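Grab a pencil and work through a few short exercises on the model shown here. Try each task before you read its solution.

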Amino acid sequence: MPYCGGRGLLTGIGRGSDKGGAPLRKASLVFELTDGEIRAFWFSVHPFRHQGHGSNTAKFDRIPIPTGIIEHGNVRDQNTLIGILLDYKAQTSRQCQKVYLAIPLQQGFIRSYTLPWIPKRNRKSAMSLLVDEEIPIAFARSDLLYDFLVISEERHTRLQVLLGATRQSLLERYIYVFRQAGFKVTGVDFSFSVLGQALGFKPNEDILYLQGEPDAFHMALFRGAVPEIVRTLPALPTIAESVEGILERTEAWGNEIRRFLLYYRTQKTDLNLKRLVWNGDSVANQLAHELLESNHVSSVEQAELQGIPRAWQEMLEKGNVRGEVVAGYGLRMSARRPVLNLWRESNEMEIALRRYQGIALFAVALLVVGTMTWVSLYQRTISLKSEVQRLSNQGARIVAQVKHQKELQAAWEKEKIDQGNIVDLIQVQAIPSTELTIEHVSYKQGNLSLSGRANDAKSVQTMLRAVRTMGWEQPGLSSYKLTSRNNVEFSLSGKRGVVGTQDTTETTSTTFTERG
């Protein structure tokens with residue numbers, strides 16, 4: 001379905017592509033929903049430029065929708081609305097970074113409260129209690145989305161908050177429609193809430209706002225920037241578009257406004273209504289001046305956005321479009337002011353869910369990579385274990401070979417020692433002559449023990465000298481006996497050592513002689 005594009009002005013003062021009206025390639029987008037049309041506002045503000053600078057760029061579009069698609073803020077035909085938005089997206093080459101939505105207040109609740117000062121960490125739980133107490137019964141707690149905005153605060157004294165709420169099912173339907181059309185909504189606010197802040201109404205000031213449109217007439221009573229009550233009067237289809245028809249419509253709507261004010265004055269005894277702001281067609285202008293003449297208000301003025309960039313203001317004036325809500329919303333977002341966002345909780349939950357999903361996906365990927373790494377390392381470990389086992393066996397064989405080599409070396413050393421001792425024993429055993437006979441020779445742990453028989457004592461003495469000369473230390477007689485045939489039976493012992501001195505030999509001989 002084709003859309004009706006309103007006039008847009010892309011101006012730039014300074015340098016670069018801004019000059020001459022560079023097209024919006026990537027910008028933020030605000031939608032305002034009404035029963036008769038959707039208003040789209042594209043805006044792009046450089047983060048380092050001040051408000052009101054002429055280099056700000058914007059584009060305003062009006063997308064007409066058939067009667068019955070949206071009624072009193074409720075979407076009645078989702079598929080048709082999705083198709084309209086898809087057609088609009090296909091006809092525009094712009095890409096949007098963020099999408100915001102301004103919805104009617106018929107299905108919502110908004111009010112300001114003055115509370116005792118509450119620390120920031122406790123405000124969310126306090127607002128939950130306030131919602132339970134203040135939100136009408138018509139809003140089921142399980143089907144409720146709300147948000148709050150701090151308007152002003154005096155530390156440790158008072159806190160003024162703006163509380164807004166709407167049905168979750170209604171808002172999810174809006175979000176679903178725009179998401180299906182390719183627009184991901186990040187913020188949602190009420191149209192009249194945005195309008196009150198965009199028009200710069202002073203705090204605690206009572207203001208009557210009138211807005212005339214071809215298909216409806218809106219009147220709202222503001223206290224400051226907060227809409228206290230909003231009423232929408234439908235168009236009168238039976239009245240022709242003539243002078244008489246306009247007069248009749250003006251009279252009918254004028255009577256409704258007077259009844260509205262009369263009822264509200266009885267409900268709000270502190271109402272101090274002096275100012276009227278109007279916007280829209282000539283009917284709204286005429287009704288505003290009639291109320292001024294009847295002393296219902298003290299002043300009348302046409303709506304004018306506050307602090308809006310010059311390029312935006314020129315676009316709205318030249319296009320003669322009703323873009324105050326979308327432009328005001330865009331102004332707040334470009335200035336990065338705190339805003340009421342009815343979709344904040346769901347959006348944060350969605351962001352948290354995506355974050356958790358990302359973490360889970362990362363964990364799964366990490367697990368897969370870890371498992372693959374572990375399998376690779378395990379396979380390598382198996383090969384390393386086999387290699388270690390092979391080297392361990394080889395090492396054990398080497399250790400056994402070294403041990404065996406040491407044993408052989410020790411045996412060889414021992415064998416060398418034993419060979420020397422055997423040679424000495426053979427030499428000792430070879431000492432006897434015809435006068436001396438050795439009967440027994442033993443050697444144990446370096447000690448020599450010898451026994452034999454000799455014809456006389458002199459032969460035994462010669463034997464002792466020979467043993468000493470061969471390197472045995474302290475050779476001496478262990479036993480000495482004369483037999484009946486004058487033979488000598490003797491036993492001597494000695495230690496393995498070096499050859500003794502002459503003095504020692506003489507002493508031993510002397511001792512032997514004395515023993516003989």
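Below are four exercises on backbone angles and salt bridges, each with a worked solution.

This is a predicted model, so to speak: local features need pLDDT of at least 70, side-chain atom pairs count only at pLDDT 80 or more, and totals for chains, interfaces and linings use all residues. Residues are numbered from 1 along each chain as its sequence is written, and side-chain values use heavy atoms, with hydrogens and water left out.

**Exercise 1.** Find where Arg336 sits and say whether it is buried or exposed.

Solution.
- Step 1: check the backbone. Arg336 isn't a glycine, yet its phi is positive, about 55°.
- Step 2: place it. Arg336 is in the loop between helix 8 (324-334) and helix 9 (344-429); helices (H or I, at least four residues) and strands (E, at least two) are DSSP runs, numbered from the N terminus.
- Step 3: look at accessibility. Arg336 has a relative accessible area of 62%, which makes it exposed. The cut-offs are under 20% for buried, over 50% for exposed and in between for partly exposed (1.4 Å probe, protein chains only).

**Exercise 2.** Do the same for Gln474: which element holds it?

Solution.
- Step 1: Gln474, also not a glycine, has a positive phi near 45°.
- Step 2: Gln474 belongs to strand 18 (residues 472-482).
- Step 3: with a relative accessible area of 67%, Gln474 is exposed.

**Exercise 3.** Work out which parts of the chain the salt bridge between Arg258 and Glu290 ties together.

Solution.
- Step 1: apply the rule, a side-chain nitrogen of Lys or Arg within 4 Å of a carboxyl oxygen of Asp or Glu. Arg258 and Glu290 pass at 3.8 Å, N to O.
- Step 2: Arg258 is in helix 5 (residues 243-267) and Glu290 in helix 6 (residues 282-293), so the bridge ties together parts 32 residues apart in sequence.
- Step 3: Arg258 is partly exposed at 29% relative accessibility, and Glu290 is partly exposed at 25%.

**Exercise 4.** Trace the salt bridges of Arg453 to Glu439 and to Glu489.

Solution.
- Step 1: Glu439 and Arg453 meet at 3.3 Å, N to O. Glu439 is in strand 16 (residues 436-444) and Arg453 in strand 17 (residues 447-454), 14 residues apart.
- Step 2: Arg453 also bridges to Glu489, with the closest N and O atoms 2.9 Å apart. Glu489 lies in strand 19 (residues 488-496), so this pair ties together parts 36 residues apart in sequence.
- Step 3: Glu439 is exposed at 53%, while Arg453 is partly exposed at 31% and Glu489 is partly exposed at 27%.
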